[in-house]
Amino acid sequence: MGDAANGQKLFVKMCATCHTIVSGGKHKIGPNLFGVIGRTAGTTTGFNYSDAMKKKGATWNESTLDEYLEQPKKSVPGTKMVFAGLKKANDRSDIIAYLKTLK
């Protein structure tokens, strides 16, 4: 279980430049992440995903997000996300806990 309050701080610091989190919000460089938990990778309407992300076919959950956030380019070779990844498991857990609150 992560700390959603710390995850929100980390999200603002590391993710908000490229992602929005508002229900019905616009996409930025990356897709809007409101409601990402339970969503199939590469399927948000109105965002131009890489072919690799469209083919991923995974459902975003704690496990798949943890793997992706640790090493995006290893998890989805060919992803357009330029973020290098989060090495600290606690940071990933906290961000995922925060994303789980966005329903």
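1. The contact between two helices is a suitable starting point. On the side of H1, the residues involved are Ala 4, Asn 6, Gly 7, Gln 8, Leu 10 and Phe 11, and they meet Asp 91, Asp 94, Ile 95, Ala 97, Tyr 98 and Leu 99 in H5. Sorted by class, this contact of H1 with H5 has 7 nonpolar, 3 polar and 2 charged residues. The reader should bear in mind that the model under discussion is a predicted one.

2. The geometry of this packing deserves its own remark. Two packed helices are described by the angle between their axes and the distance between the axes. For H1 and H5 the angle is about 100 degrees, and the axes are 7 Å apart. Angles of 65 to 115 degrees count as roughly perpendicular, so H1 is roughly perpendicular to H5.

3. Which aromatic pair links H1 with H5? The model has 3 aromatic pairs. In one of them, the ring centres of Phe 11 and Tyr 98 are 5.8 Å apart and the planes stand at 55 degrees, so the pair is tilted. Phe 11 belongs to helix H1 (residues 4-14) and Tyr 98 to helix H5, and the pair thus links distant parts of the chain, 87 residues apart. Both names also appear in the list of residues through which H1 and H5 meet.

4. Are the two partners of this pair buried or exposed? Phe 11 has a relative accessibility of 2% and counts as buried. Tyr 98, with a relative accessible area of 8%, is buried as well. The cut-off behind this wording is a relative accessible area under 20%.

5. Another aromatic pair is formed by Phe 47 and Tyr 49, and its arrangement is edge-to-face. The centres of these rings are 4.8 Å apart, with 70 degrees between the planes. Phe 47 counts as buried at 18% relative accessibility; because the limit for buried is under 20%, this value still falls within the class. Tyr 49 counts as buried at 10%.

6. The charged side chains are considered next. How many salt bridges does the model contain? The count comes to 3. One of them joins the side chains of Lys 56 and Glu 67, with a distance of 3.8 Å from N to O. Lys 56 lies in helix H2 (residues 51-56) and Glu 67 in helix H3 (residues 62-70), so this salt bridge ties together parts that are 11 residues apart in sequence. Lys 56 is partly exposed at 28% relative accessibility, and Glu 67 is partly exposed at 42%.

7. A further salt bridge brings together the side chains of Glu 62 and Lys 100, at 2.4 Å from N to O. Since Glu 62 is placed in helix H3 and Lys 100 in helix H5 (residues 89-100), the pair ties together parts that are 38 residues apart in sequence. Glu 62 has a relative accessible area of 46% and is partly exposed. Lys 100 also counts as partly exposed, at 31% relative accessibility.

8. Asp 66 and Arg 92 form a salt bridge too, and their closest N and O atoms are 2.7 Å apart. Asp 66 lies in helix H3 and Arg 92 in helix H5, so the pair ties together parts that are 26 residues apart in sequence. Here the two partners fall into separate classes of exposure: Asp 66 is partly exposed at 25% relative accessibility, whereas Arg 92 is buried at 5%.

9. Two residues of the loop between H1 and H2 complete the note. Where is Val 36 placed? Val 36 is in the loop between H1 and H2, and with a relative accessible area of 4% this residue is buried. Leaving aside residues up to four places away in sequence, Val 36 touches Trp 60 and Leu 99. The C-alpha atoms of Val 36 and Lys 103 are separated by 8.3 Å, although these residues are 67 residues apart along the chain.

10. Gly 46 lies in the loop between H1 and H2. At 70% relative accessibility, Gly 46 counts as exposed, whereas Val 36 is buried. Between the C-alpha atoms of Gly 46 and His 27 the separation is 7.8 Å, and the two are 19 residues apart along the chain.

Conventions: Residues numbered from 1 in each chain as written. Predicted model: local features only at pLDDT ≥ 70, side-chain atom pairs only at ≥ 80, totals over all residues. Heavy atoms only, no water. Salt bridge = Lys/Arg side-chain N within 4 Å of Asp/Glu carboxyl O. Helix = DSSP H or I, 4+ residues; strand = E, 2+ residues; numbered from the N terminus. Buried < 20%, exposed > 50% of the residue type's maximum accessible area, 1.4 Å probe, protein only. Phe/Tyr/Trp six-rings, centres within 6.5 Å; stacked < 30°, edge-to-face > 60°. Axes fitted to C-alpha atoms, helices over the stretch in contact; angles between N-to-C directions. Parallel < 35°, antiparallel > 145°, perpendicular 65-115°, else oblique. Contact = heavy atoms within 4.5 Å. Nonpolar A, V, L, I, M, F, W, Y, C, P; charged D, E, K, R; others polar.
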